[in-house]
Amino acid sequence: MSDRGLYLGGAWVPSESGATLEVRDPASGELVGTTAVASARDVDAAVTAAIPAQREWAALGAAGRASIMHRGATLIRERIDAIADVLTREQGKPVPDSVKEIAFAADVLDYYAEEGLRVSGSIRPALRADIRSLVEWLPIGVVGAVVPWNYPVDLYAWKIGPALAGGNAIIVKPPLESPLAVALVVQCLHDGGMPAGVLADLPGGLEAGEALSSHPGIGMITATASTRTGQAIMRSAAATMKRVSLELGGQSPFVVLDDADIHEAATAAARRSFSNAGQICIAVNRILVADSIADRFVEAVAEEARAIRVGHGIEAGITGGPTTTSAVIDVAEAHIADAVAQGARVIAGGSRLSGGDFDRGTFFAPTVLDAVPRGTRVMTEETFGPVVAVHRYDASIGVDGIAAIANDSAAGLAAYVFGGDLDRAWAVAERIEAGGVGVNVNDITELQAPFGGWKMSGFGRELGPEGLHGFMQQRHIRMRRRF
């Protein structure tokens, strides 16, 4: 069993209020550990420690910061099995997926440690011969971050990596649902030499989140959250005019053109729909498939869904775990009922899994819905669970018509297009309103490329050089020469 406090001022301490919360395994209901719960006063204490620590961290220089970050990443890899076991028990995903998540988090830290060495200023042209204009990149200061429960270790690194490399201190609010693996990662950074006060880790709820977004000592707030939570963060941050970067909800379309490789597309769609029980912001929510191949494609996707071996993620051979919370199942059931009431058919899954060990956890069968009308909830809202809706279209509507269906959403985070004719697939991709589009690939994340949303899916970018510069600010020094 794992028990954790708050990481504050370079030490593990109880919360100011003494509040704690149990963390239970969603597959079995068993107690995994407990976590301290931060209050607004804990956030204030973290800011007080972070302000002087940040100045020293920035003064250390990019090479000094990189050395500490690399040591932390090395320790994460050395301890990856222990961290993965805890992550699976608290969040639900199978151990191989936990290992993959943690390994990528270490890669992110290494990447930004090196990327920080490449930040440079410039001397800009001036209209006068005696003027020199110097432009430099500087840290923002103290950053606040909110991390979700679906990929707590991975998305933790996406935020602390660039923030630390840019010379900032960062105060993170990890999720109460899955804070234990994060604590093990924080310990790796501590053991790697992270100076006291530069990183604070404060699991908390609404009070801690509001304190982060409104605190006058915090210059930036970054969050991966629902659109509603993002809107609340923006309102709270407005009073202090802090920079805001938000990666919010998605409603990703997966377009299958009539010349697509059916097996390849179905396999890719199922993986992106049901991985992590569908609890991914870039999960496939709705599949748009050409009528002429729809029957074969739907059966292929359903076959993939039925082949997923659902169970406790610590068991060998399990490829699908439970949903992390019961609320995920509530939404899935509501979306399925709404779609069926409007004429959709359940092809695979469609209900909770019960009997034996299933009764102890929050398990839901990977679900494929066919002939789903465009106006249904599952086609317009983010399910964030193991449900995918298939909508059939007539290919005669052409590239513009297909893109119009894909764009029929307030969200704009990710989209996917599969087709044999790359010219036509590319044409559809170029018309889609999303921050990332995968063409014949079911993942838009790339460590060295920007990730983020359009429309109601937020703004700001993570990963790539853009992710680093998002945690920095520019200063222009204009100087007159006398000689």
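In the predicted model, strand β6 is joined by 3 bridges to strand β7, which spans residues 131-139, and the two strands run antiparallel. Within this pair, Ser 122 is positioned opposite Val 135 of β7. In general, the strands of a sheet are paired through backbone hydrogen bonds, in either a parallel or an antiparallel manner.

The pair belongs to an open sheet of 3 strands, arranged in the order β6-β7-β23 with antiparallel pairing. The edges of this sheet are occupied by β6 (122-124) and β23 (472-480); each has a single partner strand, so one side of each is left without a neighbour in the sheet. On average, neighbouring strands of the sheet are turned by 30° against each other, with direction ignored.

A charged residue in a buried position was examined next. Asp 154 lies in helix α5, which comprises residues 152-165. This residue is buried but forms no salt bridge. The nearest side chain of opposite charge is that of Lys 93, at 8.3 Å, whereas a salt bridge requires a separation within 4 Å. When residues up to four places away in sequence are not counted, Asp 154 is in contact with Glu 101, Phe 104 and Ala 105.

Cysteine residues were also considered. A search of the whole structure yielded 0 disulfides. Cys 188 has a relative accessible area of 0% and is therefore buried. For Cys 281 the relative accessible area is 13%; because buried means under 20%, Cys 281 is likewise classed as buried.

Technical notes:
Residues numbered from 1 in each chain as written. Predicted model: local features only at pLDDT ≥ 70, side-chain atom pairs only at ≥ 80, totals over all residues. Heavy atoms only, no water. Pairing = 2+ DSSP bridges. Helix = DSSP H or I, 4+ residues; strand = E, 2+ residues; numbered from the N terminus. Axes fitted to C-alpha atoms, helices over the stretch in contact; angles between N-to-C directions. Buried < 20%, exposed > 50% of the residue type's maximum accessible area, 1.4 Å probe, protein only. Lys, Arg positive; Asp, Glu negative; His and termini not counted. Contact = heavy atoms within 4.5 Å. Disulfide = S-S within 2.5 Å.
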